[in-house]
Amino acid sequence: EQTKREFEHTMASSSKHVTPPSLIKLEPDQYGQRHPFENEEVIAQGLALMEEEIAKLSEEKKDGVFQAEKNCPELSKSNEHKLMFLRSEMFNADLAAKRYAKYWNMRIELFGDKAFEKITLDKALRDDGAALSNGFARLLPSKEKAGRSIIWVDPSRLDETKYTRESMVRFGF
């Protein structure tokens, strides 16, 4: 059984915040989230910290990253691609690096040989037409207050006789 001290150490080491020193967070939005103010300095610092955190991951955890760098470096090594992960983790480079590694491992697991192709209808999703056209998820024409898109999900449209579960998961990826 874990002692209280061991538990606190585990929690502290697993939730470290590695953020750019010049990071400033904006006022909370309608959902209470405080998004970072982005400028070139914050982005450059965040990307550099993320690279350091990726390097610290175990070989097993970054296997997908290695494969992606070999098979599709134009995407996997691009700052724009990595910036998505930093933004999703509010510029916490430690969490962004972990999410980035999990993303590549999951992408390879889901797409197999097609993992390094673009995720478009004529590339990696070319065999998933039935899952894509069933109307399960729809992009609504309106947006919410902050301008974000709204996706309507209708589970009643699912029909596993027409496509595989894996195909639906790829669709949601």
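**Overall architecture, nonpolar core and two loop residues**

The protein exposes about 11600 Å², of which carbon and sulfur atoms supply 54%. The structure described here is a predicted model. Of the 173 residues in the protein, 32% are buried. The secondary structure consists of eight helices and four strands, and these elements succeed one another along the sequence in the pattern α-β-β-α-α-α-α-α-α-β-β-α. When contacts between residues at least 6 apart in sequence are considered, 53% of them join residues at least 24 apart.

The interior was examined next. The largest nonpolar core contains 29 residues, and those with the most contacts inside it are M50, L86, Y100, W104 and F116. Helices α2 (40-56), α3 (63-71), α5 and α6 each supply at least two residues of this core. The largest share comes from α6, with ten residues. The surroundings of M50 show how residues from separate parts of the sequence meet: with residues up to four places away in sequence not counted, M50 touches K82, F85, L86, A93, A96, A97 and Y100. Two of these partners, L86 and Y100, are themselves listed with M50 among the core residues with the most contacts inside the core.

Two loop residues were then considered. N92 is located in the loop between α5 (79-88) and α6 (93-111). With a relative accessibility of 2%, N92 counts as buried, because the cut-off for burial is a relative accessible area under 20%. The side chain of N92 reaches the backbone nitrogen of D94 at 3.1 Å, and D94 falls within the residue range of α6 (93-111).

L158 occupies the loop between β4 (149-153) and α8 (165-172). The relative accessible area of L158 is 39%, and this residue is therefore partly exposed, the class that lies between the limits of 20% and 50%. Apart from its neighbours within four places in sequence, L158 is in contact with N134, F136, Y163 and M168. Of these partners, M168 belongs to the range of α8 (165-172). L158 is also separated from A137 by 21 residues in sequence, with a C-alpha to C-alpha distance of 9.9 Å in space. The two loop residues thus fall into separate accessibility classes, because N92 counts as buried at 2%, whereas L158 is partly exposed at 39%.

Conventions. Residues are numbered from 1 along each chain as its sequence is written. This is a predicted model: local features need pLDDT of at least 70, side-chain atom pairs count only at pLDDT 80 or more; totals for chains, interfaces and linings use all residues. Side-chain values use heavy atoms; hydrogens and water are left out. Buried means under 20% relative accessible area, exposed over 50%, partly exposed in between (1.4 Å probe, protein chains only). Contact means heavy atoms within 4.5 Å. Accessible areas come from the Shrake-Rupley method with a 1.4 Å probe; for residues, only the protein chains shown count as cover. A polar contact is a pair of N or O atoms within 3.5 Å; within protein, one must be able to donate a hydrogen and the other to accept it, and residues adjacent in sequence count only if both atoms are side-chain atoms. A nonpolar core is a set of buried Ala, Val, Leu, Ile, Met, Phe, Trp, Tyr and Cys residues joined through side-chain atoms within 4.5 Å.
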